Amino acid sequence: MLSKHNPNQREQLEMVALDELVPEDHLVRKIEKTIDFSFIYDLVKDTYSDIGRPSIDPVILIKLTFIQYTFGIRSMRQTIEELKTNVAYRWFLGYGFHDKVPHFSTFGKNYERRFKDTDLFEQIFYRILKTASEKNLISAEHVFIDSTHVKASANKHKFEKKVVRKETRAYQEQLQEEINKDREDHGKKPFPPDKFEKEESKEIKESTTDPESGYYVKDERTKQFAYSFHAASDRNGFVLGTIVTPGNIHDSVILEPLVDRVIEKVGKPRAVAADAAYKTPAITKYLLEHEITPALPYTRPRTKEGFFRKHEYVYDEHFDCYICPAGEILNYSTTTKEGYREYKSPKHVCAACPFLAKCTQSKEHQKVVTRHVWQEYVEEVDHLRHHKDVKPIYAKRKETIERVFADAKEKHGMRWTTLRGLKKLSMQAMLTFACMNLKKMANWTWRGPKMA
């Protein structure tokens with residue numbers, strides 16, 4: 001039977017408490033029960049004066065950002081608009097029906113005047129992480145590391161080309177010592193200091209809109225200014241630490257400082273899993289020397305099709321030489337300033353070799369095989385890859401850090417940003433991951449933890 005609803009119910013008057021309108025299992029109730037936000041007062045007390053007009057409660061300001069990042073609202077302006085009509089958000093802030101909501105610019109002004117040059121958001125992130133740890137929800141013996149690109153608020157067609165100095169790697173000094181020692185062990189003269197200190201430069205595209213972003217090229221279709229959000233998570237999907245860099249910084253540069261931060265704030269992991277971008281001699285050396293098991297993937301040979309693979313040239317550790325598929329010896333020649341030993345074949349023998357076409361295209365008929373001075377660490381990682389305890393660790397990557405990034409982009413507005421500058425992007429990263437940790441902790445403690 002066709003029926004029609006009476007629209008006059010819009011004018012109905014009722015006596016109702018705000019608390020009655022928020023469902024018992026709403027996420028804001030779970031969050032409010034999980035953590036006491038009053039700890040924020042101690043974190044910000046030094047940024048407020050004892051004179052002047054009363055300020056907006058700093059807990060309200062921080063809770064506003066938690067509403068924005070937890071529910072994936074695209075801006076603070078939109079968050080304030082939602083607050084006007086959403087009773088659950090009002091309940092979370094402690095507002096009544098008729099309390100006046102702040103202007104959308106309020107948080108921005110407070111950020112510029114009070115929070116900009118502080119570590120407030122980092123402290124909030126680690127306070128939430130500490131609470132999760134106290135509830136025994138953190139399982140940090142295995143740490144999963146990766147990065148994702150966040151599209152910058154910058155027009156990719158507005159840029160200036162600049163020549164800048166290449167940054168020195170953190171391990172550069174140690175590598176230089178190893179190179180000179182290796183050269184001396186092989187009867188070569190060590191490189192003079194000015195050989196290493198010579199500045200190398202590169203040309204980059206710098207955005208005129210957001211100069212602190214980096215030009216990121218993935219393929220022909222994906223070219224844009226972006227930031228990289230580097231993060232480490234545990235096996236349960238809790239984010240243990242994050243670092244933000246311009247989008248043109250390689251992932252491998254950030255692993256060491258990120259792991260150091262996890263060790264300092266959470267504890268030393270037994271294993272670290274990451275993708276192929278992190279499989280470098282420096283990283284494998286760092287992890288193995290710190291007695292952390294690297295769980296890194298197999299990497300396919302980059303040899304041209306139709307040529308011998310590098311693994312077909314066998315390294316003889318005792319005699320420090322390579323043996324080619326034809327049985328000839330490639331002897332040590334030199335160690336480059338990049339840290340690679342060069343092993344070269346005898347030209348006169350190779351010129352008449354029946355395998356020459358599959359070996360090298362050199363005009364001098366000479367095969368050169370390179371080996372990094374820290375290559376033994378990479379080889380050890382390749383051996384560990386097959387270990388029965390290591391294989392399952394790497395397999396968890398797609399269920400941990402990759403899922404964290406997927407959720408952050410799909411549910412928490414991290415696919416792109418309206419903010420500009422590294423400091424503001426670091427704030428966004430800290431708040432996004434803090435909200436995700438808090439949301440997970442709230443859901444788990446509400447129904448009881450479900451350990452992965």
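# Exercises on burial, contacts and a pocket

At 65% relative accessibility, Glu 291 counts as exposed. The exercises below concern a predicted model.

## Exercise 1. Glu 291 and the helix before it

Determine where Glu 291 lies, what its phi is, and whether helix 11 is enclosed or not by the rest of the structure.

Solution. Begin with the position: Glu 291 belongs to the loop between helix 11 and strand 8, and it comes just after helix 11 with a positive phi of about 60°. That sign deserves a remark, since Glu 291 is a residue other than glycine. Exposed means over 50% relative accessible area, and Glu 291, at 65%, is therefore counted as exposed.

Next, turn to helix 11 itself, which covers residues 281-289. Seven of its nine residues are buried, so helix 11 is largely enclosed by the rest of the structure. The buried residues are Pro 281, Ala 282, Ile 283, Thr 284, Lys 285, Tyr 286 and Leu 287. Finally, look for what covers them: the cover includes helix 8 (172-185), helix 10 (252-265) and helix 14 (375-384), together with strand 7 (271-273), strand 8 and strand 13 (368-372).

## Exercise 2. Loop residues

Classify His 365, Pro 301 and Thr 336 as buried, partly exposed or exposed, and place each of these residues in its loop.

Solution. The step that decides the class is the cut-off, with buried meaning under 20% relative accessible area and partly exposed lying between that value and 50%.

- His 365 is found in the loop between helix 13 (356-359) and strand 13, and its relative accessibility of 32% makes it partly exposed. Its phi is near 60°, again a positive value in a residue other than glycine.
- Pro 301 sits in the loop between strand 8 (293-295) and strand 9 (314-316), and with a relative accessible area of 33% it is partly exposed. Between Pro 301 and His 311 there are 8.5 Å from C-alpha to C-alpha, while in sequence these two residues are 10 apart.
- Thr 336 occupies the loop between strand 11 (329-335) and strand 12 (340-344), yet its relative accessible area is 17%, so it is buried. If residues up to four places away in sequence are not counted, Thr 336 touches Ile 179, Phe 191 and Glu 342.

## Exercise 3. Met 76 and the second largest pocket

Describe the surroundings of Met 76, then state which residues lie nearest the centre of the second largest pocket and how its lining is made up.

Solution. First, Met 76 is found in helix 4, which runs over residues 76-85, and Met 76 is buried, its relative accessible area being 12%. Leaving aside neighbours within four places in sequence, Met 76 is in contact with Leu 64, Thr 65, Gln 68, Phe 104 and Phe 107. For one of these partners, Phe 104, the separation is 28 residues in sequence and 5.8 Å in space, C-alpha to C-alpha.

Second, consider the pocket, whose volume is about 640 Å³. Its lining has 29 residues, and those that lie nearest its centre are Gln 68, Ser 75, Met 76, Thr 418 and Leu 419. The elements that give two or more residues to this lining are helix 3 (58-70), helix 4, helix 6 (106-115) and helix 17 (422-447). Third, sort the lining by class, which gives 11 nonpolar, 11 polar and seven charged residues.

## Exercise 4. A strand residue

State whether His 142 is buried or exposed, and list what it touches beyond its sequence neighbours.

Solution. His 142 lies in strand 1, residues 142-151, and a relative accessible area of 15% means that it is buried. With residues up to four places away in sequence not counted, His 142 touches Ser 233, Asp 234, Arg 235, Arg 270, Ala 271 and Ile 393.

## Exercise 5. The whole chain

Give the secondary structure of the protein chain, and explain why the chain is described as more spread out than a compact globule.

Solution. The secondary structure comes to 17 helices and 13 strands. The radius of gyration is 28 Å, whereas the globule rule gives 22 Å for 452 residues, so the protein chain is more spread out than a compact globule. Its C-alpha atoms fill a box of roughly 100 × 50 × 50 Å along the principal axes.

To complete the account, 44% of the 452 residues count as buried. The accessible surface comes to about 25900 Å², and 48% of it belongs to carbon and sulfur atoms. Among contacts between residues at least 6 apart in sequence, 68% join residues at least 24 apart.

Notes: Residues numbered from 1 in each chain as written. Predicted model: local features only at pLDDT ≥ 70, side-chain atom pairs only at ≥ 80, totals over all residues. Heavy atoms only, no water. Helix = DSSP H or I, 4+ residues; strand = E, 2+ residues; numbered from the N terminus. Buried < 20%, exposed > 50% of the residue type's maximum accessible area, 1.4 Å probe, protein only. Contact = heavy atoms within 4.5 Å. 1 Å grid on protein atoms, 1.4 Å probe; cavity = no way out; pocket = protein on both sides within 12 Å on 5 of 7 lines; lining within 4 Å. Points joined across faces, edges and corners; volume = space filled by probe spheres on them. Nonpolar A, V, L, I, M, F, W, Y, C, P; charged D, E, K, R; others polar. Rg over C-alpha atoms; globule rule 2.2 N^0.38 Å. Areas by Shrake-Rupley, 256 points an atom, 1.4 Å probe, with all protein chains shown as cover.
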